[in-house]
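Visitor: I'd like a close look at one small part of this structure, and then how it sits in the rest. Pick a strand and walk me along it, please.

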Amino acid sequence: MWPPLLTTLRWRGAGLVVAVAAVAAAILLRTTLELVGEFYYLPMVPAVVATAAVAGRWATALAIVLSITANVVHVDRVSALDAAVNAALFTLVTWLIAELCWSLRAYRQRAGELSHRLAHREEMLETILASMPVVVLDRGGKIRFLTPFACDLLGIAEQDGIGRPFGSIVDDFDLADFQSGREALAGDSDRAWTCRRAGGTVPLSIQAGFLPGDYPNSHAVLCLADLTQAHLADERARDLHTQLNRVWRLNSLGEMAASLAHELNQPLSAAATYLEASKVDVEKAGLMGKSAARTIDLAKAQLLRAGSIIRRMRELLAHESRSLGVERVSSMVEGLKGVFGMIERNGAVRVEINLDDTTDEVRAERIQFQQAMVNLVRNAAEAASDRPDARVAIMGRAVSDALYEVRVEDNGPGIPAHELETIFRPLMTTKTGGMGLGLSVTRTIVESHGGFLKVEESDLGGAAFSFTLLREQELEEA
């Protein structure tokens with residue numbers, strides 16, 4: 001409160017000093033001029049104007065009062081009415097002049113502020129243009145202005161680009177298509193244009209804006225964007241998706257082989273038992289049955305051999321050793337963003353990622369973990385695809401010093417209670433055309449990492465699949 005008040009008092013005090021000094025100077029001037037004649041209030045007018053030019057209303061009123069007082073004291077009037085009339089006219093004229101001074105001063109102040117704002121905006125625009133690839137075209141599609149970034153992107157020098165048709169640099173570019181709206185109507189807002197430059201081509205994204213006035217040399221403003229990195233990211237995502245699908249197929253075959261090994265072991269054992277019984281019966285026939293007994297022995301040997309092969313394959317699958325390295329959950333999930341983007345676009349679902357990346361170092365096999373995550377996210381997206389606001393949430397946090405938990409939730413219809421015991425079984429599926437191996441393979445991957453895959457109701461309303469991984473610090477202590 002006190003600093004503004006002190007400032008106001010200092011300002012008014014300075015104005016009053018100006019008023020007194022101006023009137024004093026005017027009185028001195030009038031005293032000098034009276035040597036040649038009588039000037040009355042005329043020398044006092046500049047004092048009031050000078051005060052109004054540099055001070056406010058209080059100081060100006062004081063200058064008027066002091067001027068009238070000095071004039072009444074030094075000039076003899078015919079009557080009091082004459083003195084009052086002259087004082088009133090002086091007050092009216094000088095106050096009107098003072099109002100004009102204040103208006104001019106306010107206009108100058110506003111003009112200065114406006115000029116400052118315009119200069120600031122111009123600096124901002126120049127900074128923006130200097131940091132963006134922007135091209136200005138005339139009505140004929142010829143280049144009239146390029147920013148340095150645009151020159152670097154198009155691979156041309158500024159002096160070589162000015163006056164050159166933009167269509168000669170970018171294939172199939174037609175300014176009329178943008179102006180008529182055909183590009184937007186045709187769904188080409190995400191179209192990639194091809195810029196031909198020395199050393200190859202560059203994919204571009206082009207956004208066009210048109211100036212409202214009739215400017216002969218400036219008609220359209222193009223904002224360019226280099227799509228090279230975006231295309232490389234899409235290509236990497238497709239490669240990763242292909243690689244994960246290949247791993248998924250291999251895991252599916254391994255799961256199927258394990259199931260077949262388990263299921264075929266019993267019938268093969270039974271067949272061997274039946275052959276042994278048949279051999280005993282055939283040997284009772286004497287010499288005639290010996291030949292048949294030898295054949296039965298051969299068949300039994302092949303059955304036992306088949307069982308041995310299946311048993312060894314099953315043991316190999318059951319004790320498969322996986323090379324677990326130190327990985328960060330956030331990094332492994334980050335590598336799947338391209339795949340998740342495809343799942344989002346194909347299933348019209350929003351995939352949300354919320355991971356605690358401060359304590360997410362775990363022991364895992366990267367590709368296997370990513371395959372398990374893709375399976376869970378794909379299943380969640382398919383479950384929630386019928387919802388208008390389909391959502392899939394990926395969450396991760398350290399639940400203890402030893403374990404890090406990963407959860408995949410959706411807002412789909414959830415899993416009926418009677419299906420909870422069967423969804424992890426191989427070849428069990430509720431989807432048309434499904435193989436019933438996704439969750440089974442995922443569970444096998446999780447268990448090979450020392451975890452346990454479980455399902456429960458999600459806070460989003462659908463299903464929530466979760467599993468834990470051993471944190472790196474726990475493994476080092478072990």
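**A close look at one strand**

Guide: Start with a single pairing: Lys 454 has Ser 466 in E12 as its bridge partner. Keep in mind that this is a predicted model. Lys 454 falls within strand E11, residues 454–457, and this strand pairs with E12 in the antiparallel sense over four bridges. The two strands make a hairpin, with five residues between them. Look at Gly 461 in that turn: its phi is positive, about 110 degrees.

Now go to E12 itself, which covers residues 463–470. Six of its eight residues are buried, so the strand is mostly covered. E11 is one partner of E12; strand E10, residues 403–410, is another, joined to E12 by seven bridges and also running antiparallel. If you want a spot to zoom in on there, find Val 408, which stands opposite Phe 465 in E12. While you're looking along these strands, a general point helps: side chains in a regular strand alternate between the two faces of the sheet.

E10 and E11 also have a side-chain link. Arg 407 and Glu 456 meet in a salt bridge, with 2.7 Å from N to O. That pair ties together distant parts of the chain, with Arg 407 in E10, Glu 456 in E11 and their positions 49 residues apart in sequence. The two ends sit in unlike surroundings: Arg 407 has a relative accessible area of 15%, so it falls under the 20% cut-off and counts as buried. Glu 456, at 35%, is partly exposed. In general, side chains of opposite charge can pair when their charged atoms come close.

Stepping back from the strand, the structure holds eleven salt bridges, by the same sort of count. Another one joins Glu 99 to Arg 57, with the closest N and O atoms 3.2 Å apart. It also spans the chain, from helix H4 for Glu 99 to helix H3 for Arg 57, 42 residues apart. Here both partners are partly exposed: Glu 99 has a relative accessible area of 26%, and Arg 57 has 46%. There's also a network of salt bridges linking Arg 350, Glu 352 and Arg 391.

H3, residues 57–74, also holds Thr 60. At 0% relative accessibility, Thr 60 is buried. Leaving out residues up to four places away in sequence, it touches Val 48, Thr 51, Ala 52, Trp 95, Ala 98 and Trp 102.

As for the whole chain, it has 15 helices and twelve strands. Of its 478 residues, 33% count as buried. Among contacts between residues at least 6 apart in sequence, 65% join residues at least 24 apart. And if you were going to ask about cysteines, there are zero disulfides, while Cys 101 is buried at 18% relative accessible area and Cys 195 is buried at 0%.

Conventions: Residues numbered from 1 in each chain as written. Predicted model: local features only at pLDDT ≥ 70, side-chain atom pairs only at ≥ 80, totals over all residues. Heavy atoms only, no water. Buried < 20%, exposed > 50% of the residue type's maximum accessible area, 1.4 Å probe, protein only. Contact = heavy atoms within 4.5 Å. Disulfide = S-S within 2.5 Å. Pairing = 2+ DSSP bridges. Salt bridge = Lys/Arg side-chain N within 4 Å of Asp/Glu carboxyl O.
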